[in-house]
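Dear colleague,

Please find the structure for your review below. My findings follow directly after it.

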Amino acid sequence: MKVAIVAAQAENQVIGRGLEIPWKVKGEQALFKRITKNGTLIMGRKTYQGIGRPLPGRTTIVVSRNPDFAITGCETSTSLELAIARAIEINKPIFIAGGGELYRQALVVVDEIHLTTIHTKVDGDILFPDVPDNFNLVEEKTFTSNINYTYRHFERT
Ligand SMILES: NC(=O)c1ccc[n+]([C@@H]2O[C@H](COP(=O)([O-])OP(=O)(O)OC[C@H]3O[C@@H](n4cnc5c(N)ncnc54)[C@H](OP(=O)(O)O)[C@@H]3O)[C@@H](O)[C@H]2O)c1
């Protein structure tokens with residue numbers, strides 16, 4: 001079963017500032033929804049705290065090294081490997097949904113990357129890592145909005 005990263009970065013690879021995503025781009029969240037629809041999201045504890053609620057229509061597994069961490073409406077896991085194993089059992093498309101710490105670890109295991117680049121530079125302290133050379137670009141589409149953005153789909157070679 002394939003595992004994908006789904007992320008949005010600014011042109012300077014910023015994905016977050018503190019717990020927040022530092023932009024509002026019309027249509028970009030709808031794109032995230034379309035990509036992840038009916039799937040299982042795996043996210044870090046800080047990303048979950050930034051969102052503050054389970055996202056509808058998807059199963060969410062939140063990873064924390066704290067074994068006592070629990071949230072109503074989500075599953076929890078104490079490692080990325082265990083979270084992926086659980087998502088495979090759930091048997092729906094699997095998406096690693098951030099944040100920076102999770103993306104860095106997941107890059108070595110994922111088969112695909114759905115990466116949207118927002119065409120602006122923003123201040124922030126959380127970055128998306130470089131896409132490794134062993135990923136091929138298989139689809140690219142640019143959207144016009146209040147800030148234009150480009151969706152790119154990469155697959156591991
Ligand atoms: N633009 C985007 O597409 C996008 C998407 C998602 C998030 N973001 C942004 O990213 C930022 C958050 O990223 P972040 O790097 O600070 O944090 P994060 O990756 O969301 O969460 C980090 C936390 O996850 C847990 N964790 C990480 N690796 C683990 C592992 N292997 N096993 C068990 N638990 C593990 C730990 O929780 P404990 O400390 O509880 O142990 C760790 O402190 C926010 O600004 C958010 O808005 C952006």
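How far apart do the C-alpha centres of domain 1 and domain 2 lie? They are 19 Å apart. The contact between them takes 10 residues from domain 1 and 13 residues from domain 2, two residues being in contact if their C-beta atoms, placed from the backbone, lie within 7 Å. Domain 1 covers 1-37 + 101-157 and domain 2 covers 39-91; such bounds come from an automatic or database domain assignment.

Please note that this is a predicted model, in which local features need pLDDT of at least 70 and side-chain atom pairs count only at pLDDT 80 or more, while totals for chains, interfaces and linings use all residues. Residues are numbered from 1 along each chain as its sequence is written.

Turning to the ligand, 30 residues surround it, and G16, G44, G98, G99 and G100 come nearest; a residue counts as near if its C-beta atom, placed from the backbone, lies within 6 Å. At least three residues of this shell come from each of domain 1 and domain 2.

One of the nearest residues, G99, is found in the loop between strand 6 (94-96) and helix 4. Helices (H or I, at least four residues) and strands (E, at least two) are DSSP runs, numbered from the N terminus. G99 counts as buried because it has 22 C-beta neighbours inside 10 Å, where 20 or more are required, 12 or fewer meaning exposed and values in between partly exposed. Beyond its neighbours within four places in sequence, G99 is in contact with I15, G16, G44, K46, T47 and I126.

Yours sincerely
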